[in-house]
Amino acid sequence: GKMAAKAIVMAAYGALLANGVGVENPEDYVDVLIGTRSRIDLSTGNVLPFLGRPWGMNLWAPQTNNYSPSATNGKAWWFHPDDKELYGIRCTHQPSPWINDYGNFLIQADMGIRKTKYPDKTSFHKPEKLSPYQMDFVLTNHCTGDGECITMNMTATKRGAIFKISFPSFDESAERLGYDQTRRIRVLLSSNLTDYVSVDPATGEMSGYTTKNSGGVPVSSGPPLRDDSKDTCKDDSVVKPTVGLHGHDIYRFRVNGTGDAAAQVCLEQCCSEENCVAWTLDPPSEGLTEAKHLYSTPSGLRDCDSAHSCCWIKDVAEDDGARGGHISGWKKGHGPETTKIHFKHYFVMQASIEAENGDTDVVNDNMFVNGLEGYLEFPALTKSITLRVATSFISLDQAKTTLELELPKEKRFEDIADESRDAWRSLLSHVKVEGGGAGDPRGDFGRLQIFYSSMYRASLFPRSLAEVTKDGKLVHYSPYDSKGRVFPGEISTDSGFWDAYRTVYQYGALVNPDQYSKIIQGWINAYRENGWIPSWPSPGERGAMAATMQDAVIADAIVRKTPGINLTEAYEAIRKDAFEIPPPLSKRGRASLAEYVKYGYIPADSAYHDGVAATLNFKLADFSVSLAAEAMNFPDEAKKLRDRASSWKLLFDAHAPGIPGGIPGFFRVKFTNGSFPDRWDPFAWGGDYSEYTEASGYQYRFYVPHDPKGLADAYGGTEKICKAIEEMMTAPPVIHVGTWGLHHEQVELINNCFGEYEHNNQPVHHVLYMAKGAGCPSVGQKWLRIAQEKLYNQEVGFSGDEDNGEMASWFVLSALGLYQLVPGASYYEIGSPLFETAVIDVPGGKKIEIVAKGNSRGTPYIKSVVFNGKKLTNLRVSIEDLKKGGLLEFEMSGDPKDAEEFLVL
């Protein structure tokens, strides 16, 4: 009986695979512009149109504007699809505009008299092709009367790129009129003070390095310039007008609601001279009247440029994110002139022909202050130039090795482009989908375009900084090591775990398990070199966002028994976060761990923000780490962590009201005495005590993914919590400006989403998968289908910041009907699949076939689901079973009652 039934199932499974599913060239369905139509005040993804290889060390994108002087007001928004100018092609490592770039430089081609300043150097451009594997541009202000223009074609390798630049034919009549037809290639770097470029026209080569970064790079301090005891803060002391580099502050002073106290710390630790001034760009804390100066002498306020370096205050670090404002500076005698930054991004560029001329120049214009340019000039008769570019974070010699390995001269541009296209085709073909689109306004092509564009976005980050030596060894520069030394093996970076823990790694483990294993190895190496796993590295630790959700990711990898990693060392790393208090202001571990352990939550009257958000994140991380502790046979630690995770009830106020007539019950901050504040506003973003990260109480009211049944009981039962979830979807999108102020997320909630369901930001991405555990799977399935259609389309792009593959991974997983609600759990939850058929490749030549019979826009509900002949009565499928491959078969329905027959677990 059972064997015969299984044989029938597998025969049907084989027949489906034999018929073929999906498209032949999924790379041609990728639209790299989806999500790029963003501004600082409205995100449709806040992503860039990247050219590169999957998880490549470098990415490349057209830079089309440069309108603002700092990341806080637009400098990191340097591309928009409506822009007409092209500043150049940028080698970039920018994971998010809020984190900004590092190791970036520009490559540009032009002709005629050499222009020395932007915007004169820009070109009007027309993109002919924009894809993950090739980009082609026509530079329309460098054309002949016959309409022949400069064209730039480019494709990339993991650590390099190749350009094919074609120029208009030589014009003899223009020559007689004195028109300069010199051909030119430039490289532009950020700083003449710290960057370097060498130009050799005889070989057609330019090489050098940039130190450009936005923080997160290793820094060491040299000896004092002078005797501390003799140092003063007199006005006649020599003061640098600007710092020049970022990320090398030695001392940090946190602002905990009393700015004067923070400034006093500066005076005590830096110097005792009365003329020292602490300066910040933060808005005033409550009770303070000065918007900028946190401390000043009675003699009056002074500009930061005139403050002496014995108490030099840099500025508010942009990478501090949701952890709260702070000011930073240097101890006397240890100013910026004595610090050493261990970071260089080396490059080598080789033109296919000898240049006629070349040189370097300092650049000062609306784009660079003391920038640096290198250029090669070629004869007017030159028709085409191939430019090969390779880079390294290790050395110039290693960049040259990479050039030989990845871009050998015997390979043509077309060969490299074909290799890149094949790499993307192979990757995207890991999942094939079709059907189920009846009634979908996106149409069949639109659904496939969104799906494969999301797979593309999910395959860029975390990036690997590993490089291959001449003898074939894998090594890496470490941004986590205090001296930036070189170590063997993989290294990972550019992943904000606060976002990514929810979907990026679960997607990777399912669809790209080999690469997932390499990424996890990279994080373990980061721990080995730094002593802690980073929470938001780019390239090294930036310390942005709340909590240590990297713990959940590594815990999940341990439970999965991920090949290639040292499980003992991996557990050691996450155990350290869970039980050891990190050094003060170190951007490592859980800074508020002592308070969290003492009270069971982070109190409102403690020194730390994110009292609700970080507490709930810690509890989920603790639960995930407890699962890893069980897997590693540490039962006592597992119990201690489970107990901590289950105490989420301490912050749940079952009587806190929401909308009039709505269901009460919200997570609220508490004081050290255990009481809730008297004032309560569920719509206040940030709350009254900065307790909610990038949201309000409404977005955090279901933030217990590890205990949906317990949360249902806290609400008073299934009926009430299910009404509360429905309320989140249908309530008016009310926004009150709390301690977090006004940000683009509030605009996107109203503009792109529905209800209080802030899908444009990550804190709600698990909510609809909570519905089944709470007892109402139909509610989750209905709104999952609505979210997949309304929040992922060509018009919206992404509903908010895509965040390094997180939102794209959410869509791909949800479209397949799978989601891991709790990192470390041994199963995926079943949602509402979007397609009628999907096939996922798994290692060993196996496949997971997903068939959703009768699937359409009007049938989001699951009537039955079977895996390899076994009914999944709890709407869960084992990860171990999925690894073996098989047939996951759905029967879909338009009746919500059909979805209510499943067990609640």
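This passage describes a mixed sheet and two helices, α8 and α19, in a predicted model.

The sheet is open and comprises 6 strands in the order β20-β34-β35-β39-β36-β37, with mixed pairing. Its edges are formed by β20 (431-434) and β37 (870-871), each of which pairs on one side only. Strands of a sheet pair through backbone hydrogen bonds, in either a parallel or an antiparallel sense. At the β20 edge, β20 and β34 are antiparallel and are connected by 4 bridges, with Val433 standing opposite Ala838 of β34. Strand β34 (residues 837-842) is in turn joined by 6 bridges to β35 (residues 846-853), again in an antiparallel arrangement, and within this pairing Val839 has Glu849 of β35 as its bridge partner.

The side chains of β20 alternate, such that Val431 and Val433 are buried and point to one face, whereas Lys432 and Glu434 point to the other face and are not buried. Helix α8 (residues 504-511) lies across β20, β34 and β35, and runs at about 80 degrees to β34.

Helix α19 (residues 777-790) contains 14 residues, which at 1.5 Å a residue should span 20 Å; because its end C-alpha atoms are 20 Å apart, the expected span and the model agree. This helix is mostly covered, with 11 of its 14 residues buried, among them Trp783, Leu784, Arg785 and Glu789. The buried residues of α19 pack against the helices α16 (718-730), α18 (767-774) and α20 (806-816), as well as against the strands β30 (792-793), β36 (861-867) and β39 (886-893); of these strands, β39 and β36 belong to the open sheet described above.

Key
Residues numbered from 1 in each chain as written. Predicted model: local features only at pLDDT ≥ 70, side-chain atom pairs only at ≥ 80, totals over all residues. Heavy atoms only, no water. Pairing = 2+ DSSP bridges. Contact = heavy atoms within 4.5 Å. Axes fitted to C-alpha atoms, helices over the stretch in contact; angles between N-to-C directions. Buried < 20%, exposed > 50% of the residue type's maximum accessible area, 1.4 Å probe, protein only. Expected span 1.5 Å × (residues − 1).
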